[in-house]
Each structure stands twice: as C-alpha cells, then as structure tokens.
Amino acid sequence: MIDMYVLKDVIENLKNGEFVIVFDSQNREDEADLILPAQFSTPDKISFVLNHAKGMFCVAIDKEIQRRLNLYVPYNTQDSCAFTVTVDHKDTKTGITAIERSKTSKELANPNAMASDFKIPGHVNPVVAHEGGVLTRKGHTEAAVELCRISKLFPAAVMIEILDEKGDSHNKEYVKSLAKKFSIPITTIDEIEKYILLNQPTVQKEAEADLPTQYGKFKIFAFKNHFSQKEHAVLINQTFNPSQPVNVRIHSSCKTGDVFHSLRCDCHQQLEFFLQFMAENKNCMLIYLDQEGRGIGFANKIKAYAFQEQGFDTYEANNLLGFDDDLRDYFDALHILRFFGISKINLATSNPEKVSFLQDCGIEILKRISIPIVINPYNRKYIHSKILKKKHEILIKGEGVFENF
Ligand SMILES: Nc1nc2c(ncn2[C@@H]2O[C@H](COP(=O)(O)OP(=O)(O)OP(=O)(O)O)[C@@H](O)[C@H]2O)c(=O)[nH]1
Ligand SMILES: [Mg+2]
Ligand SMILES: [Mg+2]
Ligand SMILES: [Zn+2]
C-alpha cells in the first residue's frame with residue numbers, strides 16, 4: 001500500500017525550521033542523521049545538534065552552491081561522499097563554537113554568498129549531493145538536499161550522525177527515544193525516494209511516430225527514464241481521447257515470450273491478445289515496460305529458468321539468485337498515464353498488484369479486462385505459481401486444465 005501522505009509531517013517540520021531524522025537502509029550504513037535546513041541554523045539549534053547527535057558535522061549542499069562558492073572536492077568521489085575542503089565563514093574567529101558553526105552553516109545557505117566569504121580550512125565540512133539525488137545515490141547527503149528541495153527551501157542542510165551514549169551509530173532504540181523525547185519526526189531514504197517517484201515525472205517523451213502493424217495502424221511513443229536509463233514503448237490508437245476511459249495494458253518486457261514465442265510463460269499470448277484488442281477497440285494504450293524478467297534482467301531470467309529446470313518455481317528461482325520475488329515497479333507507467341492526462345482506465349491484467357498500485361496513486365480502474373490463457377505443459381507451473389502465490393486472476397482457456405496442476 002502506497003501512503004500518499006508520506007513525508008507530510010517531515011515537510012511541515014522542515015518548513016517550520018525544525019529538525020528531522022533520516023535513516024538510510026539497513027544494507028547501507030544503517031545509520032540515522034539529524035537534519036536541519038541550513039538556512040534555519042541558530043546557535044541554539046547547532047548546540048543541540050552537537051550535544052545530541054555527536055557525529056560528523058557536515059552541511060549537505062547541491063552542485064550549484066559548490067560551483068558558486070568554488071568549493072574544491074579533493075577526493076575521487078564517484079560513488080562515495082563528495083566532501084569538499086572544510087570552511088569557516090570569514091567573520092568567525094576560531095570557527096568551532098556553536099555560534100560560529102551556526103554562522104558558517106547559515107551563510108552556506110545564503111544565495112548571495114561568494115567564495116571570498118569563506119576561509120579554508122575551517123570547522124564545517126560541506127558535502128556535495130550527487131546529481132539525480134536519491135534516485136542515483138541513496139545517501140544521507142542526497143536525502144538532506146532533496147528534503148530541502150521538496151520543502152521548497154534552500155538546498156543546503158546541516159547533517160550529523162546520531163551516536164548513542166557509547167558512541168555507537170547503529171543504536172535504533174536510542175535514535176527512536178531521542179526522536180520521541182524531542183518530538184522529531186523520523187523518515188527513511190526509501191520513503192523520500194517513494195515521495196519523489198510519486199510526485200515528480202520519472203519519464204520524458206523522447207519521440208513519436210506512426211506504427212503500421214499487422215494488427216492495425218497505431219501511434220508509437222518512446223519514453224525514457226533518465227535516472228534508470230530505461231526506455232519504454234507506448235502504443236495508442238490513431239484516434240485517442242484521454243478524457244474518456246482508456247483500455248490499458250501495462251506489459252513488462254519478456255524477450256523469450258514476446259519475441260521468440262516461448263511456451264514457458266503467457267507473455268506472448270497476453271501481448272497478442274491486446275494488440276488484437278487494440279485493433280478492434282477504440283481508445284487503447286499499450287505500455288511496454290523495459291523491465292525484463294520481473295526486473296532482474298535477461299541474463300538473470302535465463303539463470304532462473306535453469307533453476308526451474310531443477311524443480312524450483314519461478315519465485316523460488318529468483319530467491320535462489322538473491323533477488324526478491326518481483327523487482328518491478330509501475331511508477332514509470334503511472335507517469336506515462338499522467339503525461340497523457342489519463343485518470344480513468346480499464347486495465348488488461350491478471351496481476352492484483354498492478355491494480356492496487358494504480359488505484360493507490362489515484363488512477364480509477366473501472367474494469368479489469370481478462371485475457372484468456374492457454375495452458376501447456378511448459379507454462380503450467382509458472383501459471384500455477386502466479387495464481388497460488390501472487391493471487392493472479394487468470395482466465396484459463398479450455399476445460400479441465402486445473403486438474404493437471
Ligand atoms: N524472474 C522471472 N521473470 C519471469 C519469468 N517468467 C516470466 N518472467 C517475466 O515476468 C514478467 C511478466 O510478469 P508476470 O508475473 O507473468 O505477469 P504480470 O505482468 O505481472 O501480470 P499480467 O498483467 O497479467 O501480465 C515479464 O517481465 C517476464 O519477462 C521467470 O520465470 N522468472
Ligand atoms: Mg551517513
Ligand atoms: Mg504477464
Ligand atoms: Zn514471459
């Protein structure tokens with residue numbers, strides 16, 4: 001279930017000049033940082049940060065600030081934290097007191113500040129967010145800058161890891177009790193990512209042309225997600241009215257099924273059904289998503305097939321390769337629908353996850369279009385697992401096939 005109000009409290013707090021706490025993921029640093037938009041720095045707040053968080057005092061900034069202030073990054077930081085040289089504001093003395101670190105932090109968030117306003121080295125460590133934000137790097141720096149941007153604040157944030165009494169940075173209970181004691185909202189980098197994926201377009205239209213096919217004449221569009229580099233195809237009828245309900249199929253690419261007509265899955269049957277449906281019905285849209293093998297990619301899907309030959313089902317095979325059951329998401333499809341101004345659809349799918357995701361995102365699903373599927377000895381187990389484990393509502397064509405499951 002997608003929480004559409006994700007980050008509401010967090011944004012409110014940030015706008016009011018208050019702290020928030022951000023956890024990164026367990027398989028990354030597994031740490032929590034205390035974050036404050038740098039424009040709201042005051043000696044009291046910085047003193048609070050130094051007393052209660054106790055990690056490394058940094059100010060996360062975006063690339064534009066780094067360029068304007070000419071802050072040199074002395075390390076190779078392709079995937080890691082892009083720390084710049086340390087700075088103090090020119091009007092500070094030693095630079096270390098809460099008053100002085102507050103001054104330096106606040107001036108880093110001054111849009112009119114210049115390089116000559118700062119002394120190097122100093123006692124505040126700016127760190128530059130990677131371009132693309134949390135969609136390209138899931139670090140606290142990117143999260144902190146992104147939170148400022150989302151909250152329509154200047155993209156600079158004081159950021160410091162929270163250490164417990166013993167200096168441990170992985171004590172979740174300590175972080176939670178601190179948050180409770182001082183009423184500081186907690187969020188995660190995953191939540192920030194979800195907010196961005198829901199609220200800002202993930203794809204751009206790159207091109208469009210006519211596409212005559214053996215089924216009929218359609219229009220084709222190329223969409224690209226510039227963060228993931230994925231390219232999606234969209235086919236629509238030549239006359240198309242997005243204000244009327246649209247018959248939509250969201251199809252995940254399946255090279256083996258769609259191209260080679262593999263009998264291991266139902267993908268080709270579904271694709272062919274829908275292309276024929278498009279030829280016979282008005283107002284249709286096929287969104288062909290570049291997420292092969294439920295998102296694990298072509299080579300891994302073939303590896304998964306090898307496991308299935310040993311008797312594992314399609315989800316177990318994924319797990320044996322170290323992946324979750326299904327790595328797909330439908331954010332790009334959502335933004336493609338929004339691009340065309342579509343809000344009411346009939347969806348051709350058997351997958352309840354697609355239905356509930358789109359509904360949670362405000363797309364009204366008037367009707368589910370069932371696609372009849374023929375079972376054969378090669379796709380039986382695959383279809384069975386989808387029905388049994390993922391509650392797919394598959395319309396089986398032909399009689400008595402279930403007895404053989
Ligand atoms: N990892 C993995 N992916 C598979 C396997 N078989 C098919 N796929 C991929 O599964 C995706 C299709 O997903 P399905 O779960 O069959 O169906 P769905 O798209 O969720 O549901 P429908 O909307 O009804 O088609 C395509 O990306 C296929 O490449 C398999 O055994 N393992
Ligand atoms: Mg960190
Ligand atoms: Mg399918
Ligand atoms: Zn397939």
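Is arginine 68 buried, partly exposed or exposed? Arginine 68 is partly exposed, and its relative accessible area comes to 24%. That residue is a handy place to start a walk through this structure, which is a predicted model.

Let us begin with the whole before coming back to the charged residues. The protein has 405 residues, and 51% of them count as buried. Its secondary structure consists of 14 helices and 17 strands. Measured out along the principal axes, the C-alpha atoms fill a box of roughly 85 × 45 × 40 Å. The contact pattern adds to this picture: among contacts between residues at least 6 apart in sequence, 67% join residues at least 24 apart.

Now back to arginine 68 and its partner. Arginine 68 makes a salt bridge with glutamate 64, and the closest N and O atoms of the pair are 3.9 Å apart. The cut-off for such a pair is 4 Å. Both residues belong to helix H3, which covers residues 63-68, and since they are 4 residues apart, about one helical turn separates them. Glutamate 64 is partly exposed too, with 42% relative accessibility.

This pair is one of many, as a search of the whole structure finds 22 salt bridges. Another joins aspartate 266 to lysine 386, with an N to O distance of 3.2 Å. Aspartate 266 sits in the loop between helix H8 (255-259) and helix H9 (267-280), whereas lysine 386 is part of helix H14 (residues 380-390), so this salt bridge ties together parts that are 120 residues apart in sequence. Both aspartate 266 and lysine 386 are buried.

Helix H14 also leads us to the next pair. Glutamate 393 forms a salt bridge with arginine 368, whose closest N and O atoms are 3.2 Å apart. Glutamate 393 is found in the loop between H14 and strand E17 (395-397), and arginine 368 in strand E15 (residues 364-369), so the parts tied together here are 25 residues apart in sequence. Glutamate 393 is partly exposed at a relative accessible area of 47%, and arginine 368 is partly exposed as well, at 28%. Elsewhere, Asp24, Arg28 and Glu29 are joined into one network by salt bridges that share partners.

What about a charged residue without such a partner? Aspartate 33, in strand E2 (residues 32-37), is buried yet has no salt bridge. The nearest side chain of opposite charge belongs to arginine 28, a member of the network just described, and is 7.9 Å away. Leaving aside residues up to four places away in sequence, aspartate 33 touches Val20, Ile21, Val22, His140, Met159, Ile160, Glu161 and Ile162.

Finally, let us look at how two helices meet. Helix H7 (residues 189-199) packs against helix H12 (residues 331-339) at an angle of about 30 degrees, and their axes are 9 Å apart. Angles under 35 degrees count as roughly parallel, and H7 and H12 are therefore roughly parallel to each other. Which residues meet in this contact? From H7 come Lys194, Leu197 and Leu198, and from H12 come Phe331, Leu334, His335 and Arg338. Taken together, the residues of this contact divide into 4 nonpolar, 1 polar and 2 charged.

Note on methods:
Residues are numbered from 1 along each chain as its sequence is written. Chains are lettered from A and ligands numbered from 1 in the order in which they are written. This is a predicted model: local features need pLDDT of at least 70, side-chain atom pairs count only at pLDDT 80 or more; totals for chains, interfaces and linings use all residues. Side-chain values use heavy atoms; hydrogens and water are left out. Axes are lines fitted to C-alpha atoms, for helices over the stretch in contact, and angles run from 0 to 180 degrees between N-to-C directions. Angles under 35 degrees count as roughly parallel, over 145 as roughly antiparallel, 65 to 115 as roughly perpendicular and the rest as oblique. Contact means heavy atoms within 4.5 Å. Ala, Val, Leu, Ile, Met, Phe, Trp, Tyr, Cys and Pro count as nonpolar, Asp, Glu, Lys and Arg as charged, and the others, Gly among them, as polar. Buried means under 20% relative accessible area, exposed over 50%, partly exposed in between (1.4 Å probe, protein chains only). Lys and Arg count as positive and Asp and Glu as negative; His and the chain ends are not counted.
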